[in-house]
Amino acid sequence: PPRVERRVVECRQARCAVDDHPVLVTELVEGEAIDRAADKAWAASGLAALPAVLDLFVQACAGVAHAHSRAVIHRDIKPSNVLVDAAGVARVLDFGIAKLLDRGTPAVTATGFVGTLAYAAPEQLERGAVPDTAGDIYGLGAVLYRLLSGRDAIGPEVAPAELVDRA
C-alpha cells in the first residue's frame, strides 16, 4: 500500500498571493468520492464488500492522522473531500478551510460557521469555539456512518437552526 503521506493530497506550493492570504496549490487527484465508491462496492458485492469499504475508511483515517501529526486540522471532513483514485487509494483533499492546531483561532469565519453541517461536530457550531482534532474525528465517524448505512447521519430534513440549538 502507498505511504501514509500519499493518503493526503500533495501540496505543490504554498505562498501568500492575494492580500497576504495563503494559497495552496495541490496535485490533481482524479477519482470518485468515497461514498460513491462504497455504494458501488455494496451494489456489486453485497456484504462481501465490507472489508473493502472498511479499508477505504481506514485509509481516510490514516490521511487525517497524518495531517493531525503535522498540527493541521482539516475542519471539513466529508465524503466528497475523500476521493478514491484509480488505484483504490483513498485520498484526503480540500484543505481550503484547514487551520493549524496551535493558532487558537476561532472555528468560524467572518460569515459564520465553516464546514458542512451534516458532518460537523456539535462543538464546531458554537461561536468562538477553537478548532481541534476532535472535530475531524467526529467528521470521520459521520463518514463511516454514511459508508455503512448509505445515508447521512443528519439528513436534509434537519434545519441548520435546529443543529445550532442542539450544540
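Is Ala71 buried, partly exposed or exposed? Keep that one in mind while you get your bearings; we'll select Ala71 a little later.

**Start with the whole chain**

What you have open is a predicted model. Show it as a cartoon and you'll find four helices and nine strands. Walk from the start of the sequence and the order reads β-β-β-α-α-β-β-β-β-β-β-α-α. Of the 167 residues, 37% are buried. Switch on a surface and you're looking at about 9,300 Å² of accessible area, 57% of it from carbon and sulfur atoms. As for contacts between residues at least 6 apart in sequence, 60% of them link residues at least 24 apart.

**Select residues 133-149**

This is helix 3, with 17 residues. At 1.5 Å a residue it should span 24 Å, and the C-alpha atoms at its ends sit 25 Å apart, so the two agree. Now show side chains for Gly135, Asp136, Gly139, Leu140, Ala142, Val143, Arg146 and Leu147: these are the buried residues of helix 3. Turn the view to look down the axis of helix 3, and those buried residues fall within an arc of 165 degrees, so they line one face of the helix. The spacing fits a general rule: an α-helix has 3.6 residues a turn, so residues three or four places apart point the same way.

What do the buried residues of helix 3 pack against? Color helix 1 (34-45), helix 2 and strand 4, and you have their partners.

**Hop to helix 2**

Select residues 50-69 for helix 2, which includes Leu50. Leu50 is partly exposed, at 34% relative accessible area. Add Leu54 and Leu148 to the selection: with Leu50, they make a nonpolar surface patch of about 220 Å².

**Two backbone oddities**

Most residues other than glycine have a negative phi. The next two stops go the other way.

First, select Ala71, in the loop between helix 2 and strand 4 (72-73). Its phi is near 65 degrees, a positive value in a residue that isn't glycine. And here's the reply to the opening question: Ala71 counts as partly exposed, because its relative accessibility is 23% and the buried class stops at under 20%.

Then move to Arg75, in the loop between strand 4 and strand 5 (82-85). Arg75 isn't a glycine either, yet has a positive phi of about 75 degrees. Is Arg75 buried or exposed? With a relative accessibility of 7%, Arg75 counts as buried.

Terms used: Residues numbered from 1 in each chain as written. Predicted model: local features only at pLDDT ≥ 70, side-chain atom pairs only at ≥ 80, totals over all residues. Heavy atoms only, no water. Patch = residues over 30% accessible without salt bridge, like charges linked within 9 Å, V, L, I, M, F, W, Y side chains within 5 Å. Areas by Shrake-Rupley, 256 points an atom, 1.4 Å probe, with all protein chains shown as cover. Salt bridge = Lys/Arg side-chain N within 4 Å of Asp/Glu carboxyl O. Helix = DSSP H or I, 4+ residues; strand = E, 2+ residues; numbered from the N terminus. Buried < 20%, exposed > 50% of the residue type's maximum accessible area, 1.4 Å probe, protein only. Expected span 1.5 Å × (residues − 1). Arc of directions from axis to C-beta. Contact = heavy atoms within 4.5 Å.
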